[in-house]
Structure formats: C-alpha cells, structure tokens
Amino acid sequence: MEPIPPPGEKMQYRAIGLIEGQYIPSPGHFTRGVLRTSDGLELNAVLLGRVMSLVRKHLQPDRNYLWVVYPRTRDKSEDLHVQLMGVWAPEEMGQTLPEGSRPAVVPDWFSIRGEVVFQSQEKGFIIVKIRQSGKKTSASPSSQRSKDPVPPTRIAPKPQAFKLRLIGSLPGKEVGNFWDLQVRRRGSLLYVEAGTPIGPVLKAPPRPRLKHSTHRPKVKKGSLPSSSGQQSISDQLYPPRDPAKVPKPVKKKRP
C-alpha cells in the first residue's frame, strides 16, 4: 500500500525513487522515450517490460503520473536518466484506499543504499556502488518433466553492479562503508539531504595465485633426462656400431 516499501534487510542495496511527470514514447519505439517532469525537464527514459501493459491499458498518455523509477547517471556526465518500473495510481488500477491509509507520497525523493566507493570533499560529490542481486530463472521443460519433486533453478552467473554520482559530502573518510542515503532530485542532479551509516562492506579475501615455475631443466638434444635402467632416445634409434664391423675406406688409384 505504498509506492516504495522500506528495505527488508539491514544492508539491502537499492536505488529507487519517485518522479512526477508524463511519459512520451519515441516514434516507432514504445519502450524508449522521455519523461517530461512537472518542472519542465525532459529525462531520457526506458519503459521496463513489467509496466508496459499497465501503460497501454490503464494510463492516459497526456496526463502526469507519479512514476516509480530506477535512477542512473552516466560515467562521463552528471545527467540523470531513469528506468520506469512502476506507477503509483491506485484509482486507475481500480483500488480504493481506506480513509487515513493513503501514504505520504513525496515526488523527487529517492532511497539510495549502497557502498561509497569515492568522495571528493573539494568538488562536493560522492559515488555510490549498488549491487544487483542475481535473478533466479525457472528450470527448463526437460527438468520439469523429470521425477525430481523440486525442479532445479538456474542463477545468474554474477550479480551486476552500477554506480551513481550524487551531489554532496559525507563526514570523514567513508569510502568502503555502506550508507542509507535520502536523496532529492533538483533538475537533472541528485542531492544528498540525509544519510545513515550502516557499517563497513566486507570484502571477500583474494584467492591465492599459484606460482608457475618458468625454469626448465636443460635436456641434451636427442635425449631424455637419465634414469636408472633407461636408455636415451639416440641410443634406442641409433645404436652404436661395432668397430670391428665397420668397413675400412678403400683408396682409389690415380690414373
């Protein structure tokens, strides 16, 4: 009954927020377009698959709605672009909220939870790393037809991660710590308004590297290292001749 629920775990990574505006798809491509915000800004937007049918069937294209978005910032610029993953419109969905149960919804508010990997006190910005959990996929039809009571699941090989650039600063040297940040959008930038430190992010110990020896023993050409009861390759292929059986050279007489 609220657009953004509270985090379920103490160190749950996430980057999610609310923006009020109108989604305008690009010509010939319904899932890509711009989100024209209530303050007149146009943000590049991508419509995720889970909300496509909702937009087509229930929303009016010329109205502003409160969108639930995933924020993203580009590496070489500070511009904000968003992924639209939901919309807060209970009335359009046919849901009637009881009196007094409507949550206090604040547009342009974001919840950013992740690891601070860089901060510049002079320039006044920080970079937060957010890890995405691996998604489980359903088993293949062949495994579902097996006699196993619970079909196995496949897990994504490696969780993905992305970074957000936020305007503001944190007290002290907070690189490597997990933070719960309250962020506000102003134009195309995200500003840190408040934050709570959660704790240091534990790093996995590096795996020891096996040292490969590059030194090779010198082996005589055409032979192997000697061992007890073993002949060299040259002795096996070309056994020594008996001097008594070697024919003597014959001298030719000059004419």
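Here is a short walk through this predicted model, from the whole chain to its cores and a cavity.

**Start with everything shown.** Put the protein in cartoon view and you'll find three helices and twelve strands. Colour by burial next: of the 255 residues, 30% are buried. Switch on the surface, and you're looking at about 18800 Å² of accessible area, with carbon and sulfur atoms holding 54% of it. Among contacts with a separation of 6 or more, 58% link residues 24 or more positions apart.

**Now the main core.** Hide the surface and select Trp67, Val82, Leu84, Ile112, Leu166 and Leu181; within the largest nonpolar core, which has 33 residues, these touch the most other members. Then highlight strand E5, residues 80-88, as this strand gives the core its largest share, four residues.

**Zoom in on Leu166.** Leaving aside residues up to four places away in sequence, Leu166 touches Ile112, Phe125, Ile126 and Val128, and also Leu181, Val183, Leu190 and Val192.

**Hop to the other core.** Pick Ile4, Leu66, Val68 and Trp88, which are among the eight residues of a second, separate core.

**Last stop: the cavity.** How many cavities of 30 Å³ or more are there? Just one turns up, and the largest cavity has a volume of about 40 Å³. To see its lining, select Thr73, Glu78, Leu80, Arg165, Ile167, Ser188, Leu189 and Leu190. Colour those by class and you get four nonpolar, two polar and two charged residues. Strands E10 (161-167) and E12 (189-200) each supply at least two residues of that lining. Leu190 is worth a second click: this residue lines the cavity and also touches Leu166.

Conventions:
Residues are numbered from 1 along each chain as its sequence is written. This is a predicted model: local features need pLDDT of at least 70, side-chain atom pairs count only at pLDDT 80 or more; totals for chains, interfaces and linings use all residues. Side-chain values use heavy atoms; hydrogens and water are left out. A nonpolar core is a set of buried Ala, Val, Leu, Ile, Met, Phe, Trp, Tyr and Cys residues joined through side-chain atoms within 4.5 Å. Buried means under 20% relative accessible area, exposed over 50%, partly exposed in between (1.4 Å probe, protein chains only). Contact means heavy atoms within 4.5 Å. On a 1 Å grid over the protein atoms alone, a cavity is a set of points where a 1.4 Å probe fits but cannot get out, and a pocket is an open set with protein on both sides within 12 Å along at least five of seven lines; lining residues have an atom within 4 Å of a point. Grid points are joined across faces, edges and corners, and a volume is the space filled by probe spheres set on the points. Ala, Val, Leu, Ile, Met, Phe, Trp, Tyr, Cys and Pro count as nonpolar, Asp, Glu, Lys and Arg as charged, and the others, Gly among them, as polar. Accessible areas come from the Shrake-Rupley method with a 1.4 Å probe; for residues, only the protein chains shown count as cover.
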